[in-house]
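Reader: I have a structure open on my screen and would like to go through it with you. Could you show it here first?

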Amino acid sequence: MCDEKGNAFHDSESEDVGDVADVFDLYTACNGEVLDGVLNVRKLDELSEEEREVLDVPRLKELAAHVVSGCAHCQSIVYTLNRARLELRMIVEESRIRQPQPVGANRAD
Ligand SMILES: [Zn+2]
């Protein structure tokens, strides 16, 4: 299966930055939910009316279909975003643990 649609998103190899921005929009619209390494694009159907007004949903859906069709380039962007997100979450949680508890709040014993 090698249809024309597949490459429409990557006409030029020099437009990597645009790709990342587009996939980032899709990633955030999907709440960053990744199942088995694949972005959960069904989240696009769960967007609220307000979110739909802000986002270009038809365009995101088009991109989503392209990403889940197995484009290695876009998958690697999703992978990178997901990894960064997980790392960021770990850093935040670590900083919370390290923060001194306020005196008198929830003492262990
Ligand atoms: Zn792609």
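Author: The following exchange goes through this predicted model, from its overall layout to single residues.

Reader: What helices and strands does the protein have, to begin with?

Author: The protein has 4 helices and 2 strands. Read from the N terminus, the elements follow the order α-β-β-α-α-α.

Reader: And what is the mean pLDDT?

Author: The mean pLDDT of the protein is 84, and 81% of the residues reach 70 or more. Over residues 1-6, however, the pLDDT is below 50, and this stretch has 3 contacts in the model beyond near neighbours in sequence. Where pLDDT is low, the predicted coordinates should not be read in detail.

Reader: How much of the protein is made up of buried residues?

Author: Buried residues account for 15% of the 109 residues. As for contacts between residues at least 6 apart in sequence, 56% of them join residues at least 24 apart.

Reader: Now the core. Which residues have the most contacts inside the largest nonpolar core?

Author: That core has 15 residues, and those with the most contacts inside it are V23, L26, C30, L39, A64, V67 and V78. Helices α1 (16-29), α3 (57-68) and α4 each supply at least two residues of this core.

Reader: Let us take V78, then. What does V78 touch?

Author: Leaving aside residues up to four places away in sequence, V78 touches V23, Y27, V34, L39 and V67. V78 is also one of the buried residues in α4, together with C74 and I77.

Reader: How far apart are the end C-alpha atoms of α4?

Author: They are 39 Å apart. Helix α4 covers residues 72-98, and its 27 residues should span 39 Å at 1.5 Å a residue, so the two values agree.

Reader: What about α3: how far does that helix reach?

Author: Helix α3 has 12 residues and reaches 16 Å from its first C-alpha to its last, close to the 16 Å expected at 1.5 Å a residue.

Reader: Which residues of α3 are buried?

Author: They are L60, L63, A64, H66 and V67. These residues lie on the same side of α3, because they cover an arc of only 165° around the axis. On the other side of the helix, P58 and A65 are exposed.

Reader: Why would residues three or four places apart point the same way?

Author: An α-helix has 3.6 residues a turn, so residues with that spacing point the same way.

Reader: What comes just after α3?

Author: G70 is found there, with a positive phi of about 110°.

Reader: Which residues other than glycine have a positive phi?

Author: Two examples are N31, with phi near 65°, and D36, with phi near 50°. N31 lies in the loop between α1 and β1 (34-35), whereas D36 lies in the loop between β1 and β2 (38-39).

Reader: Are those two exposed or buried?

Author: N31 is exposed, because 12 other C-beta atoms lie within 10 Å and a residue with 12 or fewer counts as exposed. D36 is exposed as well, with 5 other C-beta atoms within 10 Å.

Reader: I should also like to ask about R52. Where is its place?

Author: R52 is in helix α2 (residues 49-54). R52 is partly exposed, as 13 other C-beta atoms lie within 10 Å, a count between the limits of 12 for exposed and 20 for buried.

Reader: What does R52 touch?

Author: R52 touches L47 and V57, not counting residues up to four places away in sequence. The C-alpha atoms of R52 and A29 are separated by 9.6 Å, and these residues are 23 residues apart along the chain.

Reader: One last residue, E46. Where is E46 found?

Author: E46 is in the loop between β2 and α2. E46 counts as exposed, with 10 C-beta neighbours inside 10 Å. From C-alpha to C-alpha, E46 and A29 are 9.8 Å apart in space, and they are 17 residues apart in sequence.

Key:
Residues numbered from 1 in each chain as written. Predicted model: local features only at pLDDT ≥ 70, side-chain atom pairs only at ≥ 80, totals over all residues. Expected span 1.5 Å × (residues − 1). Core = buried A, V, L, I, M, F, W, Y, C linked by C-beta atoms within 7 Å. Contact = placed C-beta atoms within 7 Å. pLDDT = per-residue confidence, 0-100. Arc of directions from axis to C-beta.
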